[in-house]
Amino acid sequence: MRKSTTFLLLIAVLTIALLLSILDAGMRRTQTADRLVMEAQLVAGLELTDLVISTEARYTRHWSQADYHAAFQDYPSALEHFPAGSLLPPPARLY
Amino acid sequence: MVLLQRQRYLIDYTLSALYRHKGKNLGLLLVYTLIVFLLASVMLFTQSLRQEAARTLQNAPEIIVQRMVAGRHALIPADYLEKMGRLRGVSERHGRLWGYFYDPVVKANYTLMAADHKQLGERDIAIGAGVARARGLEIGDRLSLRSSRGEPTSFRIREILHPDTELLSADLILLPSATFRSFFGIANNLFTDLALTVRNPAETRKIAEKLTLRLPDTRPILREEILRTYDAIFNWRQGIVFVLLSSALMAFVIFAWDKASGLSAEEKREIGILKAIGWDSNDILAMKLWEGAVVSVTAFLLGYLLAYLHVFHASAELFSSVLKGWATLYPQFKPIPAIDGLQIATLFFFTVFPYTVATIIPVWRAAVSDPDTVMR
């Protein structure tokens, strides 16, 4: 087989795989539609305000409810000691 | 047809030329694929989390009113519900009760929340799947927690919240409000904060302004601010990972630039010979364009597909901890694909285009020179 044929076949296979990944994404979204509905109901029912993505401190568990000066809230300019805190963006006016 | 055949011959030649230095070119392809994989993984994962946050938190209360004392969030008296007066557009207002509990047994923080609509018994609780996993609990088991008075209080698990909702409920413990108050020693006339339901979302900002005037020691948090917070957080985290990756990215750029733009004496000789045997400059440029495209398009497709598999079929194991956060209680969930065509196009443009162009410029210089000069 010519080298170009092999290469073009490879690109065709990869492109089909890429298209399949888009199809897979659509299918997975349909499969997880129930999950989103369940999550939305939970948020509405319990009046939740935040995702559970960092539970180590109160200001990382409820980012949107944290004080203005989070994450340095133990005392002014206190160095952050929780890992997630160092990944929080500074207030918009600072950058 | 002739044009097509011509291009196929050029590809044949290009592949043979690449094969002659297979070790070097395979190494380049591998590193290139890895870079695309890392960038695409961060992009896909962040986009997925951002979308899920935006879609679910769309149902959060329109306005939360927090009381601030000495710059800190404090419990809010129930009479603030009356003190705020009549607010046009607010259809419902009530107090929320929630707080944190540090469990020294598993060194984890739980979020305790009053949920009277669950109609739990006095000592019954509903727990998130993360709490159940951390403490090895099942429905009917008992969980003992030390109350604010220092007395161990035993609760019966009546419900475990659906594991599919872990992203929002992993650390939750739901209990009746009376039990919540007695457990934390909170008086009946106090709430953690107040939640307001607003009929017309366009009015929330106006209502928040009125609230800050009527209750100067409070701070209203709007739902749109909550949504903005999450959007900003995931943008920021994506940025941080990109910054961390930037050293690897720079190393690759230097490597690729050196490989693509600096013609070796051997390559110059090759171009000279091709010209001497009758190839014109356009053929040589087309051949080199194919060389750049073969490497970069293959690396892009491979890298993107691996990233897709990594994020959506392996739950982004490699950097989920950085993008999600980390703690003892960690939600287990599968990201929901949210593919943005523009993002893929941007990734394609920034990974494929620069390399392909970098291969062309030096070749163009060599291709337009006299074959005799180039070969010398």
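I started at K107(B), which sits in the loop between β5 (98-103) and β6 of chain B. This is a predicted model, so I read everything below as computed.

**Loop residues with odd phi**

K107(B) has a positive phi of about 55 degrees, and it is not a glycine. I flagged that, since most residues other than glycine have a negative phi. Is K107(B) buried or exposed? I count 12 other C-beta atoms within 10 Å of K107(B), so it is exposed; the cut-off for exposed is 12 or fewer.

Next I went to Q119(B), in the loop between β6 and β7 of chain B. Q119(B) is not a glycine either, yet its phi is positive, about 50 degrees. With 9 C-beta neighbours inside 10 Å, Q119(B) goes down as exposed.

I noted one more positive phi, about 50 degrees, at S315(B), just after α10(B).

**R123(B)**

R123(B) is also in the loop between β6 and β7 (124-127) of chain B. I get 14 C-beta neighbours inside 10 Å for R123(B), so I logged it as partly exposed. What does R123(B) touch, leaving out residues up to four places away in sequence? My list reads S154(B), F155(B), R156(B) and T179(B). I checked one of these pairs by C-alpha: R123(B) and R156(B) are 33 residues apart along the chain, and their C-alpha atoms are separated by 6.2 Å.

**α10 and the core**

I then looked along α10(B). This helix has 33 residues and spans 47 Å from its first C-alpha to its last, close to the 48 Å expected at 1.5 Å a residue.

Which residues touch the most other members of the largest nonpolar core? That core has 102 residues, and the answer is V36(B), I125(B) and I173(B). I followed up on V36(B): setting aside neighbours within four places in sequence, V36(B) is in contact with A299(B), F300(B), G303(B), Y304(B) and T351(B).

**Chain B overall**

I counted 13 helices and 13 strands in chain B. The radius of gyration is 31 Å, well over the 21 Å that the globule rule gives for 376 residues, so chain B is more spread out than a compact globule. The C-alpha box, taken along the principal axes, is roughly 95 × 50 × 40 Å. Buried residues make up 38% of the 376 residues in chain B. Among contacts in chain B with a separation of 6 or more, 82% come from residues 24 or more positions apart.

**Domains**

The domain assignment splits chain B into domain 1 (2-57 + 229-375) and domain 2 (61-222). I get 48 Å between the centres of domain 1 and domain 2 of chain B, over C-alpha atoms. How many residues does each domain put into the contact? Domain 1 of chain B gives 8 residues and domain 2 of chain B gives 11 residues. On the domain 1 side of chain B, I sorted these into 4 nonpolar, 3 polar and 1 charged residues.

**Chain A against chain B**

Last, the contact between chains: it takes 61 residues from chain B and 46 residues from chain A. On the chain B side, the elements that each supply at least two residues include α1 (2-20), α2 (22-56), α8 (223-261) and α10 (281-313). Strands are in there too, among them β1 (63-69) and β6 (108-114). By class, I have the side of chain B that touches chain A as 36 nonpolar, 15 polar and 10 charged residues.

Methods: Residues are numbered from 1 along each chain as its sequence is written. Chains are lettered from A and ligands numbered from 1 in the order in which they are written. This is a predicted model: local features need pLDDT of at least 70, side-chain atom pairs count only at pLDDT 80 or more; totals for chains, interfaces and linings use all residues. Domain bounds come from an automatic or database domain assignment. Two residues are in contact if their C-beta atoms, placed from the backbone, lie within 7 Å. Ala, Val, Leu, Ile, Met, Phe, Trp, Tyr, Cys and Pro count as nonpolar, Asp, Glu, Lys and Arg as charged, and the others, Gly among them, as polar. Helices (H or I, at least four residues) and strands (E, at least two) are DSSP runs, numbered from the N terminus. The expected span of a helix is 1.5 Å times one less than its number of residues. The radius of gyration is taken over C-alpha atoms; the globule rule is 2.2 Å times the number of residues to the power 0.38. A residue is buried if 20 or more other C-beta atoms lie within 10 Å of its own, exposed if 12 or fewer, and partly exposed in between; C-beta atoms are placed from the backbone. A nonpolar core is a set of buried Ala, Val, Leu, Ile, Met, Phe, Trp, Tyr and Cys residues joined through C-beta atoms within 7 Å.
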